[in-house]
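Please open the model in your viewer and keep the sequence panel beside it. The stops below say what to select next and what is there.

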Amino acid sequence: MLRDKDRYLNIVLVSPSIVAVLIFIYGFIAWSGRVSLSKWKGLTPDYTWNGIRNYLDLFSDPRFAVDIRNTLIFTGVFVGGSLVLGFLLAVMLDQGLRGESFFRSLFLFPMAISYIVTGVVWRWLMNPAMGSRMSGLNLLFANLGLDPLVNAWHTTPKWGMAAIALAAIWQMSGYTMAIYLAGMRSIPHELREAARIDGASEFQIYRRIILPLLAPVTLSALIILGHMSLKVFDLIIAIAGKQLQLDVPAIYMWQATFDGLFYARGAAIGMILLISVAVLIIPYLRYTLKTDSQP
């Protein structure tokens, strides 16, 4: 009897959270999906059925094609750079470095900063101005005699998104480092000792033993960083503002919804972003649950 009372009490305690999630997450997702299938344009709601026309118009829109291209460039550079730099930092800390706690906190510190703050700082660091107005990294390169490295950064045609990704790498590589370092510390030390006895070098140990055992960690980091890259918005706005050559779906969604009052198109872009993130996360969650359920 007491156990039944505890169960009912637990249900009562968590029910407000469940109702809030159903309304403010899944309810709004359903509402956005309905708006994306309508002709709503302007301040007056218009739920006239439009089918998938908004989606078809998006995929025939040259601007949306630019958005997809920019997102792929940003994702490739950001995810790849964060994984490589995070792994190298983890390897460095795994060597028993003196002051490891200090360096670990130092590498993790950028993660505590918002993308807006990061964007403001990197907007100055990547100032594309030349001549007497040169500043930031370009001025540093010029003073060091590294003139070939002086460039226009995010204003570079076609590859400006790669420069934007550098700021994101700086912010998230410490987080990736922490994930890899935790994975390395969970690997039994006996495996390394056995490899050393067999004559393996440190490079071979990390390549043949550590890195393969870190495959689940790499997958987790890949999913986390990948879904963040698909939703990037504030970092680009803080660094470069609204520029077509640096446009991404999130910025297009904002402008279509709040600047152009084309709510149906904005909702369609939002649903595409949701589906893109779900394509990454849902298979990973299923894989994780299946792995955890195995004896």
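The tour goes from the whole chain to a single helix.

Begin with the whole protein chain in a cartoon view, bearing in mind that this is a predicted model. Coloured by secondary structure, the protein chain shows 13 helices and 0 strands, so that reading along the sequence from one end to the other you pass from one α element to the next throughout.

Next, reduce the display to the C-alpha trace and turn it slowly: along its principal axes the trace spans about 80 × 70 × 30 Å. For comparison, a compact globule of 295 residues would have a radius of gyration near 19 Å, whereas the protein chain has 24 Å.

Now show the surface of the protein chain, which exposes about 17,200 Å², with carbon and sulfur atoms supplying 70% of that area. Of the 295 residues, 39% count as buried. If you display contacts between residues at least 6 apart in sequence, 67% of them join residues at least 24 apart.

Then select the charged side chains, of which 24 are positive and 17 are negative, and note that the centres of the two sets lie 5 Å apart.

Finally, select residues 215-230, which form helix α10. This helix has 16 residues and reaches 22 Å from its first C-alpha to its last, close to the 22 Å expected at 1.5 Å a residue. Which residues of α10 are buried? Show the side chains along the helix, and you will find that the buried ones include V217, A221, I223 and L225, with G226, H227 and L230 also among them.

Conventions. Residues are numbered from 1 along each chain as its sequence is written. Side-chain values use heavy atoms; hydrogens and water are left out. Helices (H or I, at least four residues) and strands (E, at least two) are DSSP runs, numbered from the N terminus. The radius of gyration is taken over C-alpha atoms; the globule rule is 2.2 Å times the number of residues to the power 0.38. Buried means under 20% relative accessible area, exposed over 50%, partly exposed in between (1.4 Å probe, protein chains only). Contact means heavy atoms within 4.5 Å. Accessible areas come from the Shrake-Rupley method with a 1.4 Å probe; for residues, only the protein chains shown count as cover. Lys and Arg count as positive and Asp and Glu as negative; His and the chain ends are not counted. The place of a charge is taken as NZ of Lys, CZ of Arg, CG of Asp or CD of Glu. The expected span of a helix is 1.5 Å times one less than its number of residues.
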